[in-house]
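Subject: Handing over the two-chain structure

Dear colleague,

Here is the structure I promised to pass on to you. Please look through it first, and then read my notes below.

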Amino acid sequence: MDRVAVIGASMTQFGQREAWLRELLAEAGQACLEDAGIEADELDHLYVSNMASGEFEGQTGVMNALAHDLGGLGAYTQRIDQTSASGGAGAYAAWQSVASGASELTLLVGGEKMTHVSTGEATDVIASLTHPVEYKHGITLPAFAGLTARTYLESFDAPREALAKVAVKNHRHGVDNPHAQFRKEIDVETVMDSPIVADPLRLYDFCPITDGSAALLFCPEPMAREITDEYSVVTGIGGATDTHVVHERSNPTTMEGVVDSSQEAYDMAGRGPDEIDVAELHDMFTILEVLQSEDLGFFEKGQGWQAVENGITDREGRLPVNTSGGLKSKGHPLGASGVAQLYEIHQQLTGQAGPRQVAGDVGLACNVGGFGNCVTTTLLEAGA
Amino acid sequence: MSLQAYRCPNGHVSYPGHPRCPDCGSPQEDTIDLSDRTATVVTWTVSTATPPGVRQPNPLAIVEFEADGAEVRAIGGLTTENISTGDEVRPVFVEELRDPAAGIRAADSQDWDGYRFEPVD
């Protein structure tokens, strides 16, 4: 079986956009094809990662719309929804399509249009993924973050400021990302003085609501070698689920979906966590970056917050995490985020990350849906 | 109208119930009414950015009951923001926990009554 390569990558400006989802998807998709020098009519498969275009703007069938708008008619299309993990799930599907031989060229485009609705309405669309016994109490994803952050801080004697430092770091990284929603440094005081959203977490512990799109183009590695010198390879990928009902988890500070999916990805790649050079983690909430950094095996359980305090996950640190600025400063257009994580890793591995560039040949992206309900972990490596 | 946990023949207990026991896959045949017993607060938050039809602020907790030798957790609103981890609470019935017409979920697809938790003095 040939390895599966990524030969093109793109992302749109993230933030408050006037464009609707169809236009955002076409913008990213077209830029990705141009990045690789491929025409849309060469595509065998075309996938769209998206959580809720029907709920947000009353537009369904977006995979068909994109094929038509790009000139990719004839391609097999599907829309992939795994809530916030739709992008990672799309990468899994795209990898499968090429690895199985079903497709020689698969374009994956993730996107979401969210900012035209109120914060309360967007929160409700996202909270609609919860179980009825959760939904009827008005549980939101930020509320799960508050509940879990309290358990983490109390269990491991971690200072509240340690979580603020995740936001400070990712905002600092985002300054150098031209596509990021926020390109502004903040300090710990900014986080600690911001309004409470879900006690003990405050406004700056949360990612914003965002419009945007990102895309990746996959093909077999032998074909990649003929097309470009700048490609990366999917060497490991794994997906897993955790409970739908969040309080039914036996250990609330362990994200089992992260543990399981990363183990699959490490096994496939023949790699371990100590071999990762750069990582994009799903920091929808500051606490999530800390939990993932532990459940991926980067740090011992209960010690991820110390790694942030010690600068290990800074761009200049031993294991840079979220060089893109993360969801926190880059923004979080649900279906786009997992694709945009891999865009950043691809740029890093192919030396195209500009001022964000770090040294490394092995990258990891962890994309989380719900409160860890669905997870995809992907290892990308520089093409040989 | 109830706060019912479900038990399978192998003694695993869950709240809510599932068509098959999440631990062993057996049908959950017994129910345990939790509404007349007290629980311990495992963790809590006060949610201030609430969706349409939800009270603001919305204090919430995950609590743990002892149910015939097993521990089972539930999530629910709190009657107060004055709460600490480890507090003992009891369920209090509420006819309508949020406005069923205001949110995105089909109102008829689920029930909207249930129990919030209040501290036991």
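A cavity here is a set of points, on a 1 Å grid over the protein atoms alone, where a 1.4 Å probe fits but cannot get out, and its lining residues have an atom within 4 Å of a point. Grid points are joined across faces, edges and corners, and a volume is the space filled by probe spheres set on the points. This is a predicted model, in which local features need pLDDT of at least 70 and side-chain atom pairs count only at pLDDT 80 or more, while totals for chains, interfaces and linings use all residues. Residues are numbered from 1 along each chain as its sequence is written, chains are lettered from A in the order in which they are written, and side-chain values use heavy atoms, with hydrogens and water left out.

On the cavities, the structure holds two of 30 Å³ or more. The largest encloses about 170 Å³ of space, and of the 16 residues lining it, Thr148(A), Val246(A), Arg249(A), Pro252(A) and Ile62(B) are the closest to its centre. Helix α7(A) gives the largest share of that lining, four residues (helices, H or I, of at least four residues and strands, E, of at least two are DSSP runs, numbered from the N terminus). By class, the lining has nine nonpolar, five polar and two charged residues, where Ala, Val, Leu, Ile, Met, Phe, Trp, Tyr, Cys and Pro count as nonpolar, Asp, Glu, Lys and Arg as charged, and the others, Gly among them, as polar.

The second largest cavity holds about 30 Å³ of space, and its lining includes Lys136(A), His137(A), Ile75(B) and Tyr115(B). Strand β8 (residues 114-119) of chain B gives the most to this lining, with three residues.

Turning to the interface, 38 residues of chain B are in contact with 37 residues of chain A, contact meaning heavy atoms within 4.5 Å. The area buried between the two chains is about 3,000 Å², of which carbon and sulfur atoms give 58%; buried area is the accessible area (1.4 Å probe) that two parts lose on being put together, summed over both. In chain B, Ile75(B), Ile104(B) and Arg105(B) lose the most area to chain A, together 22% of what that side buries. Two salt bridges are counted between the chains, each a side-chain nitrogen of Lys or Arg within 4 Å of a carboxyl oxygen of Asp or Glu, and one of them joins Arg98(B) to Asp124(A) (3.3 Å, N to O).

With best wishes

Notes. 1 Å grid on protein atoms, 1.4 Å probe; cavity = no way out; pocket = protein on both sides within 12 Å on 5 of 7 lines; lining within 4 Å.
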